[in-house]
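I opened a fresh page for this structure and wrote down what I looked up, entry by entry.

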Amino acid sequence: MNDTLEIPTAHLEGRLDNGYVDSWLVAGPLATPVHDLERFSGGDFKMQIARAMYREEHGVTQPPSERAILRLGAGEEDGPHLTWQVVECAEDHFVDLTGFYHTCHYLCGWVYAQVISPRTAEHEFVLTSNGPADVWLNGEHVHRSAHFHHQIPHSVRFTAKLSEGSNEILVRFEEVAVRECPYVMALQIAGASGDGYAVTLPTTLEPVERRQKLAEMMAQAYLTRDVYTREDKLEVRWPEAMRLKDALTVRLQTPAGRIYAEGQPSVQGGTVVNLGAVYQFPEGVYEILLMPRPEEYYVQDMRVQRRLPLRIANGRYSQQAYGTQAQRRKEALEDAARRSTNVFSEIAKMALGKWAQVRQEVIEETIEGINRRADCSDFYLVGLLGMLLRCGDDPAFPKELEFALGDCVMNFKYWMDEPGEDAMCFWSENHQILFHTCEVLAGQIYPDRFFANANQPGSWHRAKGERLALAWLRKRAAGGFREWDSNTYFEEDVLALSHLADLAESVEVAEMAAVVLDKLFFMLAVNSYQGVFGSTHGRTYTPYIRGARFEPTAGISRIAWGMGVFNDRILGSASLACAANYELPEVITAVALDQSAEMWNRERHAGVMEEETDRAAGAWEVNKVTYKTPDYMLASAQSYQPGEPGYQQHIWQATLGPDAVVFVTHPACSSDDNSHRPNFWHGNAILPRVAQWKDVLLAVHRLPEDDWMGFTHAYFPMAAFDEAAVEDGWALARKGGGYVALTAAGGLELITQGRTAYRELRSSGHANVWVCQMGRADLDGSFADFKLKVKTMGRLFEGTNVQVLTLRSEILTFGWERPLTVNGREQPIADFKHVENPYCVAELNADAMEIGYGDTLMRLVF
């Protein structure tokens with residue numbers, strides 16, 4: 001493509017939805033590292049950085065056009081440059097450049113569109129963004145917003161005049177990224193809808209009609225799964241109703257571009273392209289790339305494409321116990337060693353004695369990242385310290401690493417009260433114990449050497465780390481976990497606790513770490529089903545709730561009781577496998593493997609986070625329940641902060657298998673990116689009020705009138721079940737002998753196209769109530785019998801109140817402001833005991849817990 005562009009004459013037809021510009025040319029983000037963070041101190045450091053980096057000129061020196069180059073830096077050839085790409089917004093209207101940055105960066109993105117107006121008139125514009133933004137209309141700067149709103153974008157209104165005919169709109173929007181960085185922009189022009197208003201985008205791809213046809217065909221392609229397992233066929237589908245027909249390239253590749261399968265089919269309505277059996281592809285993150293046939297794409301330069309994300313899980317999932325714990329520990333190390341995921345793969349090789357396979361450069365890269373004090377440095381320093389303690393004296397240990405490791409340990413920032421700039425997170429529950437573990441182990445290794453950052457000897461650091469670790473451990477022992485049942489951060493807790501239990505020289509610290517680790521495993525055992533940690537979660541992420549195959553706890557469960565799967569989340573499983581001095585009590589394994597006809601569990605976790613350790617200081621509490629049978633599990637957090645903005649809390653889930661999971665959320669945006677907290681699937685924009693009575697769950701949602709998305713939705717993966725149907729207002733499914741039925745007061749719409757086809761049920765309305773009824777073949781007969789019974793269930797919805805006659809002939813009532821009643825008797829959904837189930841009954845803040853199964857009893861002393 002020529003560097004010098006003529007003003008393009010070809011234009012694409014864009015989309016204008018209720019005044020929102022939904023089609024844009026987008027360039028960026030341009031990410032500039034911020035190296036001198038100490039210059040910008042205080043709570044407004046992001047605004048300080050933005051002011052220091054701000055430029056009045058927009059920087060666009062040539063007419064924007066699809067596939068054209070945006071050159072920055074005063075037009076210098078060697079300056080930074082970006083490519084203008086067409087972006088079609090999803091239903092949230094956002095241009096979304098969200099990402100995760102382990103160190104601090106200043107971000108800039110540009111969007112451009114031409115808005116056709118039938119007349120010259122003043123309009124109110126609504127600009128929504130997470131950070132500062134500038135707007136130019138027909139070359140004139142008409143607005144600047146200067147604000148930062150981290151997770152919830154902020155809208156600003158201003159007035160500007162559209163001229164009759166074509167109007168050029170350019171927006172430059174900024175962010176300062178430190179770790180997760182939600183980074184969106186939406187622009188609404190009030191009154192710009194109806195006849196005469198339109199959006200066009202300049203393009204270099206001609207003929208335009210051909211480009212539009214190909215893009216439309218690609219837009220209608222869909223997958224039926226988010227995760228494909230070794231038994232599946234990888235199929236790309238087009239709806240029967242599509243009227244277009246043409247040749248396309250369909251390619252399976254990694255995001256980095258490595259190609260694993262490709263075809264050039266002729267596509268029309270109803271086409272199914274089979275890319276082969278999944279077992280032949282390595283496990284990992286993939287995408288389906290749709291593009292024209294190679295000659296048209298590469299030679300004729302018709303560079304239009306679409307990407308459909310997916311994951312392949314090729315590990316063999318175990319739903320039944322097998323082997324011994326020692327055998328499974330070795331299996332975990334072998335799996336981690338072959339993956340080459342991160343430094344824990346190299347640690348696994350050392351533990352197995354496979355020194356010739358150890359990649360020293362991976363350890364060196366890890367040290368470099370820790371020296372930069374990048375986010376999650378504490379995760380990896382724990383691993384390096386454990387590596388030194390276990391393997392440092394081995395004759396095969398690379399001696400050339402000793403100086404670099406020592407220098408890394410001596411210069412690390414071990415707590416937030418130490419000096420120096422960093423991009424590390426100290427405040428969350430899991431990071432706290434990881435930093436304390438680092439300080440304990442580092443002090444043990446180098447007791448007499450002075451650590452440069454705090455100018456204190458290792459013995460001082462060890463004493464401080466032990467004091468802070470014990471305080472953390474006692475809180476978890478007494479009150480439980482604020483990040484309750486987190487299928488994400490329990491992995492990091494296991495990483496820290498297994499190292500302390502195995503390697504801490506302080507008997508008190510080692511024993512207390514083992515006790516809290518026992519308690520964590522007990523919670524995991526009670527709230528898991530066939531290796532799926534299908535509980536409510538205090539924090540989680542989308543990839544770990546759309547099925548269990550990529551759960552960070554899946555490998556830990558497999559080591560512990562033989563159910564689950566080893567995957568690429570190896571920090572916890574490799575660390576547990578290396579912890580020779582920690583042995584999981586047999587009674588906890590027995591609890592995990594229990595196949596009782598029913599298990600009813602109530603828990604309450606509560607505590608207080610102090611200001612010096614938590615940016616969200618104050619009291620916290622969750623009351624949660626789990627109902628488990630041999631065929632399914634239903635779990636939920638009871639009335640957890642209803643009406644408040646959510647974060648990463650996963651409020652409820654029905655689990656029938658590793659892929660057969662169902663849950664409902666109120667989405668905050670259309671993106672699945674984990675840096676949105678909440679996003680499309682994990683968390684809730686506004687938390688619901690939920691109550692559960694054994695096999696029935698009631699979830700009441702009350703959305704604000706100005707809610708951005710305007711609906712609640714269920715994850716209901718049709719392909720994961722043996723049978724599934726949506727009929728008569730119910731979504732019904734069977735997996736083995738377990739059944740699930742779901743309905744909503746606002747009705748159900750099964751999404752059959754797009755990125756969530758046949759996995760999403762939507763229900764509109766600002767006030768809505770969802771009902772979930774579980775069933776079993778042993779109680780409810782055949783699936784046909786279950787469906788018939790469910791369809792005739794009595795249910796009454798009145799605003800945010802509900803009454804249900806369950807399959808167990810019980811009348812349940814509940815509402816936004818009403819208690820849960822069963823047959824007229826109020827049932828508690830708060831102030832539970834700390835634990836109350838068939839295996840254990842313990843009060844909150846008790847001095848001990850007794851856990852029993854059969855004739856075996858163990859006592860955890862806090």
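Which residue lies over the face of W472? I looked, and R476 does, at 4.7 Å from the ring centre. I note at the start that this is a predicted model, and I read every value below as computed from it.

**Entry: charges over rings**

After R476 and W472 I turned to F680. R755 lies over the face of F680, and I noted 4.3 Å from the ring centre.

**Entry: aromatic pairs**

A pair of aromatic rings is described by the distance of the centres and the angle of the planes. I found a count of 37 aromatic pairs. I looked up W415 and F426, which form an edge-to-face pair, with 5.8 Å from centre to centre and 90° between the planes. W415 and F426 are 11 residues apart, and I placed both in the loop between α8 (402-410) and α9 (429-445).

Are these two rings buried or exposed? W415 has 6% relative accessibility, so I count W415 as buried. F426 has 8%, so F426 is buried too.

I then took Y627 and Y632. Their ring centres lie 6.3 Å apart and their planes stand at 40°, so I wrote the pair down as tilted. The relative accessible area of Y627 is 7%, so Y627 goes down as buried. Y632 has 1% relative accessibility, so Y632 is also entered as buried.

Which residues form one aromatic cluster with W415 and F426? I listed F412, Y414, F435 and F451 beside those two.

**Entry: helix α5**

I wanted to know how many residues of α5 are buried. Helix α5 covers residues 343-351, and eight of its nine residues are buried, which makes the helix mostly covered. I wrote down the buried ones as V343, F344, S345, E346, I347, A348, K349 and M350.

Which helices do the buried residues of α5 pack against? I found α4 (325-339), α6 (360-371), α7 (377-391), α11 (489-503) and α14 (571-578).

**Entry: cavities**

Rolling a probe the size of a water molecule over the atoms shows where empty space is left. I found three cavities of 30 Å³ or more in the structure. The largest cavity has a volume of about 100 Å³.

I copied out the residues that line the largest cavity: T224, R225, D226, V227, R546, D659, Y715, P717, A719, A720 and R759. By class, I have five nonpolar, one polar and five charged residues in the lining of this largest cavity.

**Entry: the second largest pocket**

For the second largest pocket I noted about 1100 Å³ of space. I found 42 residues in the lining of the second largest pocket, and F100, H102, C376, F379 and Y380 lie nearest its centre. The elements that give two or more residues to this lining are β9 (99-117), β14 (165-181), α6, α7, α9 and α11.

Which element gives the largest share of the lining of the second largest pocket? I found that α6 does, with five residues. I also noted the classes in the lining of the second largest pocket: 17 nonpolar, 12 polar and 13 charged residues. The names α6, α7 and α11 were already on my page, as helices that the buried residues of α5 pack against.

**Entry: cis peptide bonds**

I looked up the bond between G28 and P29 and found it cis, with omega about 10°. P29 is in strand β4, residues 23-33. A further cis peptide bond runs from E206 to P207, with omega near 0°. I placed P207 in the loop between β16 (198-202) and α2 (208-219).

**Entry: positive phi**

D485 is not a glycine, yet I read a positive phi of about 45° for it. I found D485 in the loop between α10 (458-479) and α11. The relative accessible area of D485 is 1%, so I entered D485 as buried.

N823 is likewise a residue other than glycine, and I noted its phi as positive, near 55°. I found N823 in the loop between β45 (820-822) and β46 (825-827). Is N823 buried or partly exposed? N823 has 46% relative accessibility, so I entered N823 as partly exposed.

Conventions: Residues numbered from 1 in each chain as written. Predicted model: local features only at pLDDT ≥ 70, side-chain atom pairs only at ≥ 80, totals over all residues. Heavy atoms only, no water. 1 Å grid on protein atoms, 1.4 Å probe; cavity = no way out; pocket = protein on both sides within 12 Å on 5 of 7 lines; lining within 4 Å. Points joined across faces, edges and corners; volume = space filled by probe spheres on them. Nonpolar A, V, L, I, M, F, W, Y, C, P; charged D, E, K, R; others polar. Phe/Tyr/Trp six-rings, centres within 6.5 Å; stacked < 30°, edge-to-face > 60°. Helix = DSSP H or I, 4+ residues; strand = E, 2+ residues; numbered from the N terminus. Buried < 20%, exposed > 50% of the residue type's maximum accessible area, 1.4 Å probe, protein only. Lys NZ or Arg CZ within 6 Å of the ring centre and 35° of its normal. Contact = heavy atoms within 4.5 Å.
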